[in-house]
Amino acid sequence: MIEEIGANEAERGDGLRRASPMGKQIDATAIQRFLDDVEGAGLELQSLMLWRDGAVVAEGFHWPYGPDRLRMSHSMTKSVTACAIGLLVDAGKLALQDRVASFFPEVAIDPASPAARMTVEDLITMRTGHAREVSGSIWRGIGTSWIAEFFKIPIVHEPGTHYLYSSAASYMLSAIVQRVTGDTIHAYLTPRLFEPLGMRRLRWDVGPDGINPGGNGITFLPVDALKLGILHAQKGVWEGMQILPLWWVEAATRAQGADDYGYHWVIGDTYFTALGQFVQMVVVYPEHDAVLAIHSAMEESAVLLPHLKRHFPAAFAGGDAEADRTLAKRLAGWAAEPALRSSATGDPARLEGDWTVAPNELDIERIGLRFTADSVRLALADASGEHFLAAPLDSWRTAPLTFPGASLHHGYVMAETPTVAGARWTGEHALEITLHFVESAFRDTLTIARNGDALTLDRRVNINSGARAWPTLRGSRVG
């Protein structure tokens with residue numbers, strides 16, 4: 001939420017000052033119109049933070065998300081990886097024209113092949129010459145060396161001549177940082193970037209090579225995403241210190257080889273952006289000293305961009321105290337917990353027990369259901385073992401959860417992640433369980449029903465890069 005602060009700006013414990021929109025010459029009515037457009041289009045915006053001229057002027061978090069909830073950044077990570085490359089180039093420890101192959105002498109590469117000519121700049125501008133894109137979701141299922149996988153990708157264009165977005169290129173940048181420094185990119189950036197900016201809870205996945213994926217894998221607070229944008233809006237300066245080289249920030253945030261891509265930043269007409277899957281987005285408006293950070297569950301940025309362009313940067317003009325109050329009330333309302341109520345009186349005895357599942361492509365063998373007066377416990381058994389979730393009836397509860405479903409979650413296992421769970425009866429013999437994986441964009445809905453002697457279980461997700469639903473599981477009671 002926001003509040004009218006006026007001339008006296010304040011902090012909220014994250015190192016950033018707060019101010020009213022009007023105090024920073026922002027039209028709160030334009031922001032409301034943006035929200036109206038987004039909601040009217042049926043787009044799921046989960047959080048928003050807007051900063052201008054030294055202060056956060058608007059912030060809102062839809063339940064169950066919040067300012068203290070970590071969020072997966074997906075490919076927003078790429079813009080963080082670029083920071084490490086810039087620091088090493090500026091320090092003279094790396095050059096953009098260095099050959100990628102020179103860092104990996106253990107890999108047999110034909111000196112006459114295009115792979116031998118690929119440079120660091122080709123990686124950071126996504127001009128590797130590869131025949132196909134590699135998504136992080138593809139490599140997450142591979143337990144062997146991702147470096148070896150990179151050099152298996154066919155090259156069909158001369159490196160440096162053809163743009164093709166791929167997380168494989170970003171992975172190799174992270175691997176190069178580790179070869180040059182002896183540290184993971186996470187460890188390298190911690191004292192140079194994360195600590196100065198106050199990014200204290202940041203996590204970064206590690207691949208099978210012991211390397212942080214350079215194209216994804218960072219989980220941090222929404223305000224940390226905002227700070228990444230602010231740092232670049234301020235030309236690499238943070239609290240009077242030059243954290244990133246000025247020349248690098250300017251080079252990274254202008255087109256390099258492709259009209260809309262710099263050094264791991266997406267370039268627009270009046271903005272540049274760090275962009276992650278399902279529209280995790282930091283938009284920097286350099287001419288207006290403004291940064292917008294949002295987390296979403298949307299198909300792609302193309303569905304949001306028309307609404308952004310319609311209302312930003314037009315919002316960076318004027319202001320009105322009454323509009324500020326109206327916007328503050330609206331954003332504060334986002335945090336309200338929705339009621340969860342059964343629409344029927346359920347009969348737990350009809351679902352209680354163990355059910356053998358018919359052969360299925362998920363290799364799930366058994367479903368188990370147990371009820372108490374105010375909760376349900378669901379078990380699924382597959383070749384890897386038995387997995388459990390517990391959900392209260394007609395209310396919500398947050399707890400760590402590991403539950404099979406990577407195919408619905410962009411390849412992520414979501415192990416021991418905070419999950420807000422709730423259940424309700426939708427019929428006498430029908431139960432619905434909702435799972436909010438609150439460090440991500442994913443929200444799953446499981447529907448369990450009894451029809452005659454058979455039990456069915458359906459599962460769907462709000463957003464995904466692949467399938468949005470499991471095939472229906474059909475079970476018969478054990479015994």
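Accessible areas here come from the Shrake-Rupley method, run with a 1.4 Å probe. With that in hand, let's start from the outside: the chain shows about 19,000 Å² of accessible surface, and 49% of that belongs to carbon and sulfur atoms. One thing to keep in mind as you look around is that this is a predicted model.

Now for the overall build. If you trace the chain from end to end, you'll pass through 12 helices and 23 strands. Its radius of gyration is 24 Å, close to the 23 Å that the globule rule gives for 479 residues, so the chain is as compact as a globular protein of that length. Want a box to picture it in? Along the principal axes, the C-alpha atoms fill one of roughly 70 × 65 × 35 Å.

What about the inside? Of the chain's 479 residues, 55% count as buried. The contacts tell you how the sequence comes together in space: take those with a separation of 6 or more, and 61% of them are between residues 24 or more positions apart.

Charge is next. The chain carries 43 positive side chains and 57 negative ones. Work out the centre of each set, and the two centres turn out to lie 2 Å apart.

With the big picture done, let's zoom in on a few spots in the backbone, beginning with two cis peptide bonds. Trp63 and Pro64 are joined by one of them, with omega at about 5°. To find it, look for Pro64 in the loop that runs between β4 (55-61) and β5 (71-72). Further along, Phe312 and Pro313 are also linked by a cis peptide bond, and omega there is about 5°. Pro313 sits in a loop too, this one between α11 (301-311) and α12 (321-333).

Two histidines are worth a stop as well. His74 isn't a glycine, yet its phi is positive, near 55°. You'll find His74 in the loop between β5 and α2 (77-90). Is this histidine buried or exposed? The cut-off for buried is under 20% relative accessible area, and His74 has just 4%, so it is buried.

The other one is His264, again not a glycine, with a positive phi of about 65°. Its home is the loop between α10 (246-252) and β10 (266-267). His264 has a relative accessibility of 2%, so it counts as buried. That gives you two loop histidines to look up in the model: His74, between β5 and α2, and His264, between α10 and β10.

Technical notes
Residues numbered from 1 in each chain as written. Predicted model: local features only at pLDDT ≥ 70, side-chain atom pairs only at ≥ 80, totals over all residues. Heavy atoms only, no water. Helix = DSSP H or I, 4+ residues; strand = E, 2+ residues; numbered from the N terminus. Rg over C-alpha atoms; globule rule 2.2 N^0.38 Å. Buried < 20%, exposed > 50% of the residue type's maximum accessible area, 1.4 Å probe, protein only. Contact = heavy atoms within 4.5 Å. Lys, Arg positive; Asp, Glu negative; His and termini not counted. Charge placed at Lys NZ, Arg CZ, Asp CG, Glu CD.
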